[in-house]
Amino acid sequence: MKNLQALLDFWKQDENTAPNFSAWRTTPPRPAQTHPFPTDLPVPLREALSSRNIHSLYSHQLSAWINSRAGKNIILATGTASGKTLAYNLPILSSLIENNDSRALYLFPTKALAQDQLSVISEQLSILRTLMTDNLSLVTGIYDGDTPQSHRSAIRKNARIILSNPDMLHTGILPHHSNWSDFFSSLKFIVIDEAHTYRGVFGSHVANVIRRLKRVADFYGAHPQFILASATIGNPKELAERLIEEQVELIDNDGSSRGERHFVIYNPPVTDHSLGLRKSSLLESVRLANDLFTHDIQSVVFARTRRSVEIILTYLQESRELGIGNRGLSSNSRLPIPISPIRGYRSGYLPHQRREIEQGLRDGSVKTVVATNALELGIDIGGLGAAILVGYPGTIASARQQAGRAGRGEAPAVSVLVASPNPLDQFLAHHPEYFFGSSPEQALLNPNHLLILLEHLRCAMFELPFKKGQGFGSISDELLDEYLEFLVANQDAHFSDEKYFWMKDQYPAANISLRSASAQNVVLQTVTDDGRPWTVGTVDGESAAWMVHPGAIYMHEGQQYFVQEFNLEKQIAQLVPVGLDYYTEAHRNSEIEVLSTNAQAVVPGGEKSYGEIQVTTQIVGFRKIRWFTYENLGEEPLDMPPSELQTTGYWLSLSEETVSHLRDAGVWSNSPNDYGPDWTKIRDRVRARDKYQCQVCGAIESGRQHDVHHKIPFRSFMREGKSDRDAANRLENLTTLCQTCHKKVEQNVRIRSGLAGLGFVLGNLAPLFLMCDPRDLGIHADPAGSAFNGLSSIVLYDQVPAGIGFSQKLFEIHDELVQRALELVNTCECEDGCPSCVGPGGENGIGGKVETLEILKELMVHS
């Protein structure tokens, strides 16, 4: 592609771009490693492949064939567009040809991916049918929530290959298995595609759905063989074996060909060296995407969040002067949006919008698409020339998947990771070997998670009674009997004749979501010009509180909506289309309570623990941020109901000896301020001077005395571990604030302590070792140690009910996590804290870099 090479040459010479490349890895074209067709490949398949100009198999495709034909379960862990689909289709189609009764079930994580794969399989089958001499039935069908009721009976009866998803298997197939008796009795193969997505809560649910699937298949006398396909991760074999609880053969000898690939890590330039501030990764990504658009290179821009997608989409459309969904829209603007060569793609878009965008990418009418990871999976969108990743997507596997959307096939392509200020992004920008080397990530799931397991035991019992002593996955008989007796005591089950029977009228699977702790979505509605209600999209229940709270600006395909009302009971948010010059960000407050400690160990500098905790979180307000300049236009309070999360956490508590060392060295600012013996008199003088009135909002004291606040933080007057109280307590440095305003101001100007800096860097670096999104972990700093026996502590916790295993893993990798954090903070170029290491100090405040470094050194002693 001449256009691509011209752009790459331009970037290498452009003074605004070239200096910011921290790594540029060029992978030369790779020839295919091919082998002749195996001798036992059925003739019709051999001829069908030849008719598509395929005369050999890649090495991994041959390995898949050999192991599958030997009756082994396999997992294919090869690169994007390496031919995994053909690798698993060949043994299955052979079985269907050789045995007229054979059936296969294909499971995909999304309905869109199933639709896409149906077209691939249908093309292969149509060629086969023309070559078959007998009248072999090779009917294939999708069975999911979008399948018309009128088609379902025929699909159940006739289809030899069923394409579905775990959700439909969970709610629409297994509970009604008696309607599927012919299919289950002949089930020979189960394909689980995109297996790396089955991790965390979703993966733990799916592992239990697989247990139920195997149990039902066994009831009908079938023992199907499994074929899994995955992106490259650190533990594909372990993940597969935990999912299906059987031995699995790993196939990772990727023999596919590749065109030249460029992978670039772009680190936006530093704009303020003392504060470590860099240019916006979002705006720099927009600039690079505009370069691609100008050079007529079809590209995808991956953003981390739904909100980022809409912000980037708005910037791109404005910069192309299309006038679509931009800040100049009048308040009367309405969707549908005109066709644009620049489109967004994310969850919340309606199905017909997604299909239209996918088709536009295939036919070339869409030049640039801004997407979340909804486009990361193997949906066929044609061969793009470039991919821009706006910030590290959270896992190396995801980054490689996203980069793999560019240059599918032998054409050259470029992928650019634009590093954000996040510590993990900066760690990878300065240590690119972590990214380009073997993946350190582990996909974690816990099928025996108590809450999830009990839900699926209910579902399994509804499907078939449990016989006394009958197993369920890897759970011991004794433990399973204990759980079943619990269901009897809870009046969910009845025990009779050595069997446990479901005894409730309700259908348990209908109330269990596999993907979210929140079973319900919030519907987003607006009103058209003629007064009709119109559904804009949906938001999952867990995200609704911070995305569509009253006063929020919600964005959809570049159009802004003001949230007029959020009805929690009805799960509906009422929106009004607007054209404003700001967007909103929610504020959250959290409190931690330790419920139990599962493990504890002494470590250098303190002790590490993990156990069960309760986190109480509340959305307490939001701020308005101006487009482009990021100016804070003001903050507004909210009174949203608090939410409680019982989960697992890993916490690191500093010993009293460590705190004493830090205090003696003058680098501990977490202790309460000592304002001096005259503070009460000074405080009263300031309140009287200010007429007992808040100097921000004007509120008069009523019942509770107002606070007195230091304009320049008290700790700014620390000298060699001692404070200059007289200078700090000058009347002109003091002002009267009500409690609400004081909290807001303190959040702005508070000095970021070393402990908070420690939590910031550990929490942001942890996802490098866990295959999770940073948002899957919560971070909490407790300088007073109120929940930890008075020991100053930081907590990292799972953001899902009852936890999913992240906290235990962090407990296990504590030493490496601390070591990497020390490396990151040590090599950061800022003077005293920035978003790339320990976090920024507050406005006019002091960062905590020195303190954080000293704490990390204490934690590294003798380790």
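**View 1. Arg730 and its salt-bridge partner, Glu732, in a predicted model.** Start with how open this spot is: Arg730 comes out at 34% relative accessibility, so it counts as partly exposed. Its partner Glu732 is exposed, with a relative accessible area of 52%. The closest N and O atoms of this salt bridge sit 2.9 Å apart. Side chains of opposite charge can pair when their charged atoms come close.

**View 2. Lys857 and Glu854 along helix H27.** Here the salt bridge stays inside one helix, H27 (residues 849-860), with the two residues three apart and separated by about one helical turn. The closest N and O atoms are 3.7 Å apart, which still falls within the 4 Å cut-off for a salt bridge. Both ends are partly exposed: Lys857 has 42% relative accessibility, and Glu854 has 27%. Elsewhere, Asp14, Glu284 and Arg287 are joined into one network by salt bridges that share partners.

**View 3. Lys367 meets Asp296, loop to loop.** The structure holds 25 salt bridges, and this one has an N to O distance of 3.3 Å. Lys367 belongs to the loop between helix H13 (351-363) and strand S16 (368-371), while Asp296 belongs to the loop between helix H11 (281-294) and strand S14 (299-303), so the pair ties together parts that are 71 residues apart in sequence. Lys367 is partly exposed at 29% relative accessibility, and Asp296 is partly exposed too, at 46%.

**View 4. Arg152, a buried arginine without a salt bridge.** Look in helix H6 (residues 149-158) for this one. What is the nearest side chain of opposite charge to Arg152? That would be Asp144, 6.1 Å away; a salt bridge needs a nitrogen and a carboxyl oxygen within 4 Å, so this pair doesn't qualify. A polar atom of the Arg152 side chain does lie 2.9 Å from the backbone oxygen of Thr147. Leaving aside neighbours within four places in sequence, Arg152 is in contact with Tyr143, Asp144, Gly145, Thr147 and Met168.

**View 5. Helix H17, mostly covered.** H17 runs over residues 450-463 and reaches 20 Å from its first C-alpha to its last, close to the 20 Å expected at 1.5 Å a residue. Of its 14 residues, 10 are buried, and charged ones turn up in that set: the buried residues include Arg458 and Glu463, as well as Leu453, Leu454 and Met461. What do the buried residues of H17 pack against? Their partners are the helices H7 (166-173), H9 (200-219) and H18 (477-489), plus the strands S19 (466-467), S20 (493-496) and S21 (499-502).

Technical notes: Residues numbered from 1 in each chain as written. Predicted model: local features only at pLDDT ≥ 70, side-chain atom pairs only at ≥ 80, totals over all residues. Heavy atoms only, no water. Helix = DSSP H or I, 4+ residues; strand = E, 2+ residues; numbered from the N terminus. Buried < 20%, exposed > 50% of the residue type's maximum accessible area, 1.4 Å probe, protein only. Polar contact = N/O pair within 3.5 Å; in protein donor to acceptor, adjacent residues only side chain to side chain. Contact = heavy atoms within 4.5 Å. Expected span 1.5 Å × (residues − 1).
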